[in-house]
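Visitor: Please take a close look at a single part of this model, the open space at its surface, and explain each term as it comes up.

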Amino acid sequence: IGIVERALSELHFNPVLNKPAKKQALEAIKLLEGNYPIERAPMSLKMSFPASAREEVESKIKAMAFSIESQDERNEMYIVVLKIHPEKYRECDGLTRDYKDGGASVEVLQLA
C-alpha cells in the first residue's frame, strides 16, 4: 500500500471526503495507468445466448473481449467463456439484456 500511496502523492492525487470512495478509486486507477505500467486485471465471464443469435452476437463479443477462452453450442444455446476489461462489463450485460427473451445470461466466473 505504501508504494501506491507514494505514487498517488507524486501525482498530486488527494482524496475528497465528501465524494464516493469507489468513484475516487476509479479516478486514481486511471491516473496511475496513465503514468505507470499497470492495468486492471481482466474479469472472466460466461455468456449464454440463443443459438439463433450466434452470428449477430459473435462480432459484438469479439469487439468487447480481451480474449475468448472457449465457445460452444449446446441445447440450442451459444455459450462463450471470455475475459474482458472491467469497464466493458456494462456493455456485456446490455448485450445479454437484448436477448433476455431467448434465455440469454451473463455469469461472472472470476473478478481477479
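Guide: Helices here are DSSP runs of H or I with at least four residues, numbered from the N terminus. The model is predicted, so local features need pLDDT of at least 70 and side-chain atom pairs 80 or more, while totals for chains, interfaces and linings use all residues. Residues are numbered from 1 along each chain as its sequence is written, and side-chain values use heavy atoms, without hydrogens and water.

The largest pocket (an open set of points on a 1 Å grid over the protein atoms alone, where a 1.4 Å probe fits, with protein on both sides within 12 Å along at least five of seven lines) has a volume of about 370 Å³. Helix 2 (21-35) and helix 4 (89-98) each supply at least two residues of its lining, and helix 2 gives the most, with five. The lining residues (those with an atom within 4 Å of a point) include Lys-22, Leu-26, Ile-29, Lys-30 and Glu-33. Also among them are Glu-39, Arg-40, His-85, Pro-86, Glu-87, Tyr-89 and Arg-90. By class, seven lining residues are charged (Asp, Glu, Lys or Arg), four are nonpolar (Ala, Val, Leu, Ile, Met, Phe, Trp, Tyr, Cys or Pro), and one is polar (any other residue).

The second largest pocket offers a point of reference, with about 160 Å³ of space. Its lining consists of Ile-3, Val-4, Arg-6, Ala-7, Glu-10, Leu-32, Tyr-36 and Ile-38. Helix 1 (residues 2-10) gives the most to that lining, with five residues. Six residues of this second lining are nonpolar, two are charged and none is polar.

Terms used
Points joined across faces, edges and corners; volume = space filled by probe spheres on them.
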